[in-house]
Number of protein chains: 2
Amino acid sequence: MKLNGLNFLGNARSGESKVTFQAVNPSTDENLPPLYFEATADEIDAAAVKADDAFQQYRLKSGVEKAVFLETIAEEIASLGDALIERCTSETALPSARITAERGRTIAQLKLFAELLREGSWVDARIDTAQPERQPLPKPDIRSMQKALGPVGVFGASNFPLAFSVAGGDTVSALAAGCSVVVKAHPSHPGTCEMVAEAVLEAIEKTKMPDGVFSMLHGTSNAVGMGIVTHPFIKAIGFTGSFRGGKAIFDAAAGRAEPIPVYAEMGSSNPVFVLKNSLFQNAESIAAGLANSVTLGTGQFCTNPGIVFVQRAAEAAYFQQALAEKISEVKMDAMLNSEIHRAFENGVSQLSANSDVEILFAGSAETVKPNRAGAQVFTAAGSVFLNDASLEKELFGPATLIVIVEDEAQFLNIARRLSGHLTATVFGTEPDLEENRQLISILEQKVGRLLINGFPTGVEVCHAMVHGGAFPATSDSRMTSVGTSAINRFTRPVCYQNFPDFLLPDELKDNNPLGIWRKIDGELRK
Amino acid sequence: MKLNGLNFLGNARSGESKVTFQAVNPSTDENLPPLYFEATADEIDAAAVKADDAFQQYRLKSGVEKAVFLETIAEEIASLGDALIERCTSETALPSARITAERGRTIAQLKLFAELLREGSWVDARIDTAQPERQPLPKPDIRSMQKALGPVGVFGASNFPLAFSVAGGDTVSALAAGCSVVVKAHPSHPGTCEMVAEAVLEAIEKTKMPDGVFSMLHGTSNAVGMGIVTHPFIKAIGFTGSFRGGKAIFDAAAGRAEPIPVYAEMGSSNPVFVLKNSLFQNAESIAAGLANSVTLGTGQFCTNPGIVFVQRAAEAAYFQQALAEKISEVKMDAMLNSEIHRAFENGVSQLSANSDVEILFAGSAETVKPNRAGAQVFTAAGSVFLNDASLEKELFGPATLIVIVEDEAQFLNIARRLSGHLTATVFGTEPDLEENRQLISILEQKVGRLLINGFPTGVEVCHAMVHGGAFPATSDSRMTSVGTSAINRFTRPVCYQNFPDFLLPDELKDNNPLGIWRKIDGELRK
């Protein structure tokens, strides 16, 4: 595929700006062709207007029609073949095995949402039947279901160039809900974005979806993103990235004349608690697993375990040593881009300069090759952690902090003072867990996903997944950005009172033509 | 019951402030004893701290325990007897038959949520079973359900002193979800609030619920409300009232260090569209029904039909006359309070002074008795409506505006430009409706509830009800404030990965001890 660097205004291509940029190969710092055209204010407006027009038709598509659309996108992505893998590895420095697996995940995710649409019950159809004879007032017939919210703005993540990008979790759940989508392509992998956008356009053509159901805009400046967020036709935002970026979008969206929901996944330190007996019995295997989890994808996972709490004991010292040793054995690739690399180096410098924090292992980065990070293991006392809020902040990259906690009371105190994170993990034997129910009860108020004796990296795309968590991990803890429930972010309920059958959506018609589960007078029935 | 005017800080009573106020009987403008103590900053903090403490215990209560609590509140409200009805009518000028019916609704609402809790499936339990042998990576066991969000601040409405107040829809759905509640009592009916709060406290004592699960604060100043909204322990807000009040709360909540969700129901003009054949055939009965709907409760319903669109025709003139005549026959009581009365009079003056708006009927208010409103019927052309955004704004009280629309294109144009409302209503014969599917498709994007050939006043408390709608009708169109789905406002999903069975909530244990519906590997099962 020849890349041309243009913006996608629905099915049209456009490059009006004189401002352009190029992708950079982070492994070599070399520019990659072509030039990408920063979207202009007019182009942003055109995309939003098309999205609004298309929404009027797309929102009426049946579940099966939308399923075929998603399945066709999946096929078109698959048929991009090795060219996609090659471009993506060159833009991200992520190894091709990883990108291949991520492509598999992206395709499976599209198919899972297609399945959800074919089955159809996700709309939460409810029917309360009329009681015309009820006293003192008759009860009307009321039926409700979830309907699409409107055009959605999607901001892809740098660290998952396929699964959280152009046709990733946000886009697929918005399209599944019946929303049109305007994607802000991540400037760190614009070529990958363009290839996937071409695949989406192929699918639009093949399945005759309305022009404007999908647009994609390029840009390195905040203006493009903010243009999408503040456009009156945009009705919700999906975002995965930094706290700073996500919070700026949240604030802009809340400040609009018509505020709109923002689903920003803004990162997390994913605290891990290693309980006493588990530490005594499994220090080595936990250390090995954590070393792998901390360094996976050069530490660039939202679910990277950035803080590990262990109780002060001889075994804690052994654990510190084991984790540092295991991490020292892992070879690091280049980070995703120079900005992320610089931020990691800055964060490492700050922690290293903190006199209350001890360095257990400081991997030296290869300085000959660009954007290489050295993995880091730090340690600090529980009392230090309690008094220094900066230690809880995410350090995006291959680093972790072992916090030595004095006793169970301090464990609980730390847990209670934690802010929101995507995940929390507890390692414990059965007696450990029995004794620490209160810890688990506290942690479940902070995070979207709680793990026992596992590692938080690896987010399964399934029905029960919650990739979310209390602020500041996300801007809306009521939702998940991964798994089929993610569709709920882009819908709102509508109820129909006293509607004749022919005017009702199929999901709510008397004879249940779609054969979906419905709550009829409070009882689930098919 | 002897009223004492104190704030409820959990189970304790407190009146530290020197600032006090009294309820006023709007029918007579006489003060009603006792003095009510404005909550101080310390009292607000104490209530929030207690709510946070209580939440740690209350969130672990079983569905049955919470159901018994709600049922006991219902019993205690019933046992307040005529004293409640009398105090409430004297504070609101609403007739005793209405208050009696509203008490019935409030009690039924508590019982409906109790039923929901006893049945238990509302938690949306999901289980994705493990596949340890899966390649390339094993699939973990993941289970999720909805959990309570935290302490909730509730602002009661003036116009539903029982059903949307202290133990109304917001409080009952928050308590059902497992949240503790801090109520801001409406200063327009503080005695009613105190009596209901006493009933809640009786229920807390009888069912041994934790001290702090319910608090109530008095105040006429914004400081009390804002003190609740900005308190770090408060995790969500339920509000019913004016746009100005709701938007100020929304902005304050979005501006917190940790933003929190605000569910503000901020009013609506509830547009009604009378289609051609329906106008020709049923002008009289529609006019009669609308006259009743417009004047119900002295026009003080959120769902009052404030704008009626009819097509220009001879029958439209007949309809105008009929509606004016029917409305002229209704006797008006005093409005809820002098502030609402003044706002209504101001709104009427403004409309009357608008040279593009014609007055069809101007009820003269009895000037001898205080706070009486005269019902009003205005009319304007479609082109006027399209060019004057002020005409779409809610005028809270017994008034309505008939808009004469030129043709079907203008109907659609108007519908497309409408902002969000709680309801929209279409009157049409079967051919009318067949021809106007596009109108209905547009309207369903604006409102929470669409009615065919009915009247929007009267909001059924049931499973399918959506009392919501796009901004500015509400601050969060994804939710409803009436009906059992209202519980979803106060929860967030949590997932549990690789949990041993004994650590899981009952809702997610292998053997389904509660017998609830669960989505297992994507299939609903019991």
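In this predicted model, F309(B) stands opposite V403(B) in strand β16(B). Strand β16(B), residues 399–405 of chain B, is largely enclosed by the rest of the structure, because 7 of its 7 residues are buried. The points below cover that strand and its partners, two helices, and the relation between chains A and B.

**Strand β16(B) and its neighbours**

- Strand β13 of chain B (residues 307–311) pairs with β16(B) in the parallel sense, over 5 bridges.
- Strand β15 of chain B (residues 376–381) also runs parallel to β16(B), and 6 bridges join the two.
- Within that second pairing, V377(B) stands opposite T400(B) in β16(B).
- From β15(B) the chain passes through helix α12 (residues 382–387) of chain B to reach β16(B), and this β-α-β crossover is right-handed.
- In a regular strand, side chains alternate between the two faces of the sheet.
- In β16(B), A399(B), L401(B), V403(B) and V405(B) point one way, while T400(B), I402(B) and I404(B) point the other way; all are buried.

**Helix α3(B)**

- The 12 residues of helix α3 (residues 81–92) of chain B should span 16 Å at 1.5 Å a residue, and the end C-alpha atoms are 17 Å apart, which agrees.
- The buried residues in α3(B) are L84(B), I85(B), R87(B), C88(B), T89(B), S90(B), E91(B) and T92(B).
- Those buried residues pack against β3 (20–25), β4 (30–37), α4 (96–119) and α6 (190–206) of chain B.
- A93(B) follows α3(B) and has a positive phi, near 65°.

**Helix α2(A)**

- For the 16 residues of helix α2 (residues 63–78) of chain A, 1.5 Å a residue gives an expected span of 22 Å; the end C-alpha atoms lie 23 Å apart, which agrees.
- Buried residues of α2(A) include G63(A), K66(A), A67(A), F69(A), L70(A) and E71(A).
- Further along α2(A), T72(A), I73(A), A74(A), E76(A) and I77(A) are buried as well.
- The buried residues of α2(A) pack against three helices of chain A: α4 (96–119), α5 (169–177) and α6 (190–206).

**Relation between chains A and B**

- Two copies of a chain are related by a rotation about an axis and a shift along it.
- Chain B is superposed on chain A by a rotation of 180° with 0.0 Å of shift along its axis, at an RMSD of 0.0 Å.
- That is the relation of a two-fold axis.
- The same surface serves both copies, as 100% of the contact residues of chain B recur in chain A.
- Among the residues of chain B, A254(B) comes closest to the rotation axis, with its C-alpha at 3.4 Å.

Technical notes
Residues numbered from 1 in each chain as written. Chains lettered and ligands numbered in written order. Predicted model: local features only at pLDDT ≥ 70, side-chain atom pairs only at ≥ 80, totals over all residues. Helix = DSSP H or I, 4+ residues; strand = E, 2+ residues; numbered from the N terminus. Expected span 1.5 Å × (residues − 1). Buried ≥ 20, exposed ≤ 12 C-beta atoms within 10 Å, placed from the backbone. Contact = placed C-beta atoms within 7 Å. Least-squares fit on C-alpha atoms with pLDDT ≥ 70 in both. Pairing = 2+ DSSP bridges. Right-handed = clockwise from strand over helix to strand, strands pointing away.
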